[in-house]
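This report describes a few helices and their packing. The sequence and structure come next.

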Amino acid sequence: MEPEAQVTVGEARPETGTGTPPDVLDGPFSTRQLLRIDEALRLADQGTGLVFSVYVGGLDEPVREHAERLHRQLAEPDRSVLIAVSPNQRQLEIVTGKYARKRIPDTYVKLAALSMVASFGGGDLAGGVIQGLDQLASHAGKG
Amino acid sequence: MFFVGIPAAAVLVIAGLAAAGSRGSGGGAKRYRPGRPFDFTPVWFLGRPEQLADSAGTALTAGAQASALTSRKQEQAGREAPASGTGGASDRW
């Protein structure tokens with residue numbers, strides 16, 4: 001069983017008043033990287049009208065089906081693009097919804113995936129995610 | 001004494017500075033190295049919390065979404081067959 005995935009919401013989570021740092025800081029990214037990913041997500045969403053989300057954590061076998069289940073959890077799956085990264089399994093899954101797929105054909109998604117895994121292979125998780133978001137949003141164009 | 005003590009002190013100072021620097025940089029983030037075990041809390045980034053089917057926007061249990069989320073839509077998402085028309089790509093590194 002995977003540990004709990006912390007859902008981040010772009011903006012800072014409500015303070016609990018206990019002075020403890022948010023759980024997302026236990027994740028694989030530093031504060032600066034979190035801010036950069038947040039900015040990339042915001043720009044991708046605003047620029048395309050699609051809904052981008054990024055999951056970083058373990059994926060159960062078969063990993064593709066797990067990624068698709070996560071994708072269906074989003075409020076608008078048809079307009080959503082999920083980037084699922086499993087660092088320990090060294091696996092990347094990108095799932096596009098029915099409408100999103102028309103905006104970003106699988107060929108371009110594969111190209112973005114190629115550049116992302118190049119960064120991941122060099123140990124740069126945040127850089128790969130940001131690069132992938134940028135490429136996918138560029139291909140999607142304005143919504 | 002000079003030939004041993006001073007170089008040893010210099011080595012200790014440099015090692016201490018390097019250790020302090022590596023601990024302080026990157027906000028305490030662990031560094032991912034491909035092929036090595038990497039323990040971290042899974043994270044899911046969304047632009048807005050309402051983008052998740054469960055509008056409460058609470059923490060999810062990866063791989064056990066049907067029990068973790070309570071909304072009807074979420075329960076359906078866990079049971080339904082994969083929706084046709086989804087696309088994307090897979091890759092490894």
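Are H1(A) and H5(A) roughly parallel or roughly antiparallel to each other? The model is a predicted one. Helix H1 (residues 31-48) and helix H5 (residues 125-140) of chain A pack at an angle of about 10°, with their axes 9 Å apart. Angles under 35 degrees count as roughly parallel, and H1(A) and H5(A) are therefore roughly parallel to each other.

On the H1(A) side, the residues that meet H5(A) are Gln33(A), Arg36(A), Ile37(A), Ala40(A), Leu41(A), Leu43(A), Ala44(A), Gly47(A) and Thr48(A). Their counterparts in H5(A) are Ala126(A), Val129(A), Ile130(A), Leu133(A), Asp134(A), Leu136(A), Ala137(A) and Ala140(A). Sorted by class, this contact has 12 nonpolar, three polar and two charged residues.

The lengths of H4(A) and H5(A) can be checked against the rise of 1.5 Å a residue, and the values agree for H4(A) and for H5(A).

| Helix | Residues in helix | Expected span | Distance between end C-alpha atoms |
|---|---|---|---|
| H4(A) | 16 residues | 22 Å | 22 Å |
| H5(A) | 16 residues | 22 Å | 23 Å |

In H4(A), the buried residues are Val109(A), Ala112(A), Ala113(A), Met116(A), Val117(A) and Phe120(A). Viewed down the helix axis, the buried residues of H4(A) fall within an arc of 140°, so they line one face of the helix. An α-helix has 3.6 residues a turn, so residues three or four places apart point the same way. The cover over the buried residues of H4(A) includes strand S4 (91-96) and H5 of chain A, together with strand S3 (87-92) of chain B.

Ala118(A) also lies in H4 (residues 106-121) of chain A. Ala118(A) counts as partly exposed because it has 15 C-beta neighbours inside 10 Å, where 20 or more would make a residue buried and 12 or fewer exposed. The C-alpha atoms of Ala118(A) and Gly128(A) are separated by 7.6 Å, although the two residues are 10 apart along the chain.

Gly128(A) is itself one of the buried residues of H5(A), which also include Leu125(A), Gly132(A) and Gln135(A). The buried residues of H5(A) pack against H1, strand S2 (51-56), strand S3 (80-86), helix H3 (98-103) and H4 of chain A.

Each of these two helices is followed by a glycine with a positive phi: Gly123(A), just after H4(A), at about 90°, and Gly141(A), after H5(A), near 70°.

Terms used:
Residues are numbered from 1 along each chain as its sequence is written. Chains are lettered from A and ligands numbered from 1 in the order in which they are written. This is a predicted model: local features need pLDDT of at least 70, side-chain atom pairs count only at pLDDT 80 or more; totals for chains, interfaces and linings use all residues. Helices (H or I, at least four residues) and strands (E, at least two) are DSSP runs, numbered from the N terminus. Axes are lines fitted to C-alpha atoms, for helices over the stretch in contact, and angles run from 0 to 180 degrees between N-to-C directions. Angles under 35 degrees count as roughly parallel, over 145 as roughly antiparallel, 65 to 115 as roughly perpendicular and the rest as oblique. Two residues are in contact if their C-beta atoms, placed from the backbone, lie within 7 Å. Ala, Val, Leu, Ile, Met, Phe, Trp, Tyr, Cys and Pro count as nonpolar, Asp, Glu, Lys and Arg as charged, and the others, Gly among them, as polar. The expected span of a helix is 1.5 Å times one less than its number of residues. The arc is that of the directions from the helix axis to the C-beta atoms.
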